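Please open the model in your viewer and keep the selection panel at hand. The stops below go from a whole chain to the contact between chains, and then to the sheets.

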There are 2 protein chains.
Amino acid sequence: MPKSAATKTSSKSKKKTKKQKSAGAGAGGPGVGGGAAARPASKAYGKLVAELREAAVLHSVQATLAWDQETVMPSAASGLRAEQLQMLSAMVHERRTSKRLRSLIGEAEADKKVRKDGVASANLREIRRDFRLLTRVPTELVAEMARSSSLGMAAWKEARAKSDFGMFLPWLKKTVELNRKKAKHLGKPKGGKELYDALLDLYEPGMTAARTEAIFTPLRARLAPLIARVGGAPRKPDTGPAHLASDIERQKKLVHEVTAAIGFDLEGGRIDESAHPFCESPGPGDTRFTNRYRPDGWADAVFTALHEAGHGLYEQGLPKGEHFGQPIADAISLGIHESQSRMWENLVGRSRAFWEWATPLARKTLGGGASSLTAEGVHRAVNAVEAGFIRIESDEVTYNLHIMLRFDLERAMIAGDLDPADLPAVWNRRMKEDLGLTVPEDRLGCLQDVHWSMGMMGYFPTYTFGNLYAAQFWEAMARALPERDAMMARGEFGPILAWLRANIHAHGRRYGAEELCELVTGAPLSADPLVRHLEAKIKAVYGV
Amino acid sequence: MPKSAATKTSSKSKKKTKKQKSAGAGAGGPGVGGGAAARPASKAYGKLVAELREAAVLHSVQATLAWDQETVMPSAASGLRAEQLQMLSAMVHERRTSKRLRSLIGEAEADKKVRKDGVASANLREIRRDFRLLTRVPTELVAEMARSSSLGMAAWKEARAKSDFGMFLPWLKKTVELNRKKAKHLGKPKGGKELYDALLDLYEPGMTAARTEAIFTPLRARLAPLIARVGGAPRKPDTGPAHLASDIERQKKLVHEVTAAIGFDLEGGRIDESAHPFCESPGPGDTRFTNRYRPDGWADAVFTALHEAGHGLYEQGLPKGEHFGQPIADAISLGIHESQSRMWENLVGRSRAFWEWATPLARKTLGGGASSLTAEGVHRAVNAVEAGFIRIESDEVTYNLHIMLRFDLERAMIAGDLDPADLPAVWNRRMKEDLGLTVPEDRLGCLQDVHWSMGMMGYFPTYTFGNLYAAQFWEAMARALPERDAMMARGEFGPILAWLRANIHAHGRRYGAEELCELVTGAPLSADPLVRHLEAKIKAVYGV
């Protein structure tokens, strides 16, 4: 249950990542070979990366303004801010889709030296991909989607408040229609068979609906018995310790100490407050995340911070110093980005070992009633499992069921197999089947998420990819760091971060997501590691 | 003495204003007539203001980043920030000096309808001025001055720390040389007779060195006996009440209450902290100032806030809603800008009436030892006069002597009448003559200010113009608001702000500084009102 903030968060931070990048790494690129430093392999290539750096600097300005808007901007400045962001966005788009860029890409591709350089050739593959995707969707459609997103979100807010699906239906229909158009313009990605694939590929490059289904199906099959086991467990955890009242300033101090301990660089970053926590990394030396605090939400504050700091550590670990503006300095995909946040939040933060170290720190820092906290008590409190209606409030086990439901329904809407008018009925049936819950009103059902109102379809699965990649990386890391639990219990997180830096962060978009997964873990993405992790967790907490 | 922060400040905020605008209002334009709203008088004029609005939006981004840099930016982001600002600055410059702009200006000038529209013709006069000034200095010289400013400032910092004038001398020589070059390129402004006039005109449009001298000479003549009188006064104020130790959070609360009471719009603004307080107003709805706090500096914090809020109130009162990007929505000059900050700081904030209202508020808000504060005690404490070496620590009376000294010396250096190598000797002689002080080392003498190291010559006089305009406006306002003291004593500042809005803020650059002064006060700029104000103050505080 203390999942809510962190989960909500990810939507936020990912959304931004998305808006910034608009494309990730292709799965099947020629990849690999060569050292870490990019030596401009040809004159055209040198000019190309210089152009891209300029666009990235301009884009970093946009990102800084986005941060400002969510954290400190005076409310009366919203009109000016919209104008600033629109102008910058147009300028960045112009630079990233220019004829000059097209010809530089062509020239660089014709250069043998570039093809022989591992970094340069990976960069070029991804630069081509970005250029292709950015230039395929007509400007008018992009503009229409932006308008529709802004109006649709307003309509959604009202519809959700009133729990009135009919009010949102025209916008949902429009979203589906515009996304189908967009997918047609984008064209089918490698291995793609349906329109949905083109959308999914924007957020999770190289992934397809069929492949997603192949991964999700066994996951769902194995989560159901797990949830049933929890339901029948005689011993339920007391969630009280996670909700002890404590002073907000003390919570902030705890969050700073925990964040610094896991290695987030505060000389190259900041922690602030915002209603919806997010992480924004404009560029080298500047990675900022936000958190939120409630008097009875100290544990929530820690998990949200671990989640956002996880995004931030990935950004700080990308090779931006040398390669800023090049794909090699960008995140691979939303799924991989989320794997970093979920790893720190769930694999580190919800482990017993973590609380061996963090509980004494929390006792000392929070003071007051927190003096009664025990590692065992906190560990149990923050790992309670209970089916609920709301995705962003759900726990580590049931969370993925919410995602899989959304994946199936949005995929069906894009395919034309599900009429948006039928969404509530289908949604509610699935909630009954998957979670055993009867949805009393659409506010708690199909109207709960902002994504579709903003025109984002193909985005939801990346949350579960994040959980899956996190678990799979975590298992691989355990082989390299057999003493990991003991280290965490001593508050030593350096080796964990070093492993992530070397195996994931340092590569940027050099490899595709599943390609990296195979390189690092020796296997393609699978539901098994996550299921193993959850089974062990439930055994520990529920004794079943 | 509690002047320091506010004074230091002004340099800071003005510098930014300067960098943003680079030109103010010409004194002798055709000016005036017509209503407040700008109806695009011709097609070319409409396009022209649209272009300028784009440049202003882009420039507002620069201003937001500048604010971010001084307040919240992680230290490791400084490299990226320099790159961002350089790129934006080049883009803004390009837009403001484009051939397209030149021809639109020409077309608009040829349009009779524009000439008949009061706002449009004033705008066009100022647009022409800006364009002329921006295009006259060769890009290479601008770049050389930027480099020299950055290196010079670094050298100055070290030279000041070591009190080693020889270390700074080469940079001072270079500054003088580059400023002479710049002045030659700019050409003599209307009424100008010497190179210095071209530099002064950048900061205080329409002002000349000869006119400055004509205003400053009687001011100096009348300040000397005033200071002598203070020196011989039997009764010295106790400055203790201004330095009562008080909690920083309580000081912040007091500053917020005072700032809100004088009318600073916090929905369109913010108050933050920074080492060197400043005010930055990127655009409509966004005006941010910073303050600084020390445990024994509660009064200083109030004056600094009043000073910066004064700059902010001017920015919030400019007609940016409708005219953003047009000169009509810009500040007239640095002197007029400073008049607004000094008025709230000194004329309002150091008045007895203000403290009748503010002392009970301070007692309540600060708590602790502040319960002993009396309006009389605070008023005396914050109006102590004492000659000192450092400009930014000097009081309302001696401050202008520091400025006049700098004006004479920089004017002589630009004219070639003073060899930079002789600066310390001449500086020290003047300090002895004007303030009766023997400068023990250059750190406390000619090495104290940052301005020359940054290449700014012709800037210093605007501080005293600010004091003079403030006093002259204040006298004029008294005729319209005869009950002003009683209102201030009740904490009613609305009528003061309304008067400033209507008489000064609303006009933007429609009139030149002295033209506005005549319109509003019925007389050209004069030393008399300030001297009368200071004489009355000294009478009240020192009884002489």
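Select chain A and colour it by burial: of its 544 residues, 53% count as buried, where a buried residue has 20 or more other C-beta atoms within 10 Å of its own, an exposed one has 12 or fewer, a partly exposed one falls in between, and C-beta atoms are placed from the backbone. This is a predicted model, in which local features need pLDDT of at least 70 and side-chain atom pairs count only at pLDDT 80 or more, while totals for chains, interfaces and linings use all residues. Residues are numbered from 1 along each chain as its sequence is written, and chains are lettered from A and ligands numbered from 1 in the order in which they are written.

Still with chain A, turn to its overall dimensions. The C-alpha trace spans about 65 × 50 × 50 Å along its principal axes. The radius of gyration of chain A is 23 Å, which agrees with the value near 24 Å for a compact globule of 544 residues; this radius is taken over C-alpha atoms, and the globule rule is 2.2 Å times the number of residues to the power 0.38. Among the contacts in chain A with a separation of 6 or more, 77% are between residues 24 or more positions apart, a contact being a pair of residues whose C-beta atoms, placed from the backbone, lie within 7 Å.

Now switch on the secondary structure, which gives chain A 23 helices and three strands; these are DSSP runs numbered from the N terminus, helices being H or I of at least four residues and strands E of at least two.

Next, display both chains and select the contact between them, where 27 residues of chain A meet 27 residues of chain B. On the chain A side, α2 (43-71), α3 (78-96) and β1 (269-273) each supply at least two residues, and the largest share, eight residues, comes from α2(A). That side divides into twelve nonpolar, nine polar and six charged residues, with Ala, Val, Leu, Ile, Met, Phe, Trp, Tyr, Cys and Pro counted as nonpolar, Asp, Glu, Lys and Arg as charged, and the others, Gly among them, as polar.

How is chain A laid on chain B? A turn of 180° with a shift of 0.0 Å along the axis does so with an RMSD of 0.0 Å, the copies being superposed by least squares on the C-alpha atoms of residues with pLDDT of at least 70 in both. That is the relation of a two-fold axis. The same surface serves both copies, since 100% of the contact residues of chain A recur in chain B.

Then isolate the strands of chain A, which form an open sheet of three in the order β1-β3-β2 with mixed pairing; strands pair if DSSP finds at least two bridges between them. β1 and β2 (279-283) of chain A stand at the edges, each with a single partner strand, so one side of each lacks a neighbour in the sheet. Three bridges join β2(A) to β3(A) (residues 286-291), and the two strands run antiparallel. Pick A:E280, and opposite stands A:R288 in β3(A). Add helix α12 (residues 298-317) of chain A, which packs on the sheet, touching β1, β2 and β3 of chain A, with its direction at about 165° to that of β3(A); axes are lines fitted to C-alpha atoms, for helices over the stretch in contact, and angles run from 0 to 180 degrees between N-to-C directions.

Finally, move to chain B and select B:C279, whose bridge partner in β3(B) is B:F289.

Technical notes: Contact = placed C-beta atoms within 7 Å.
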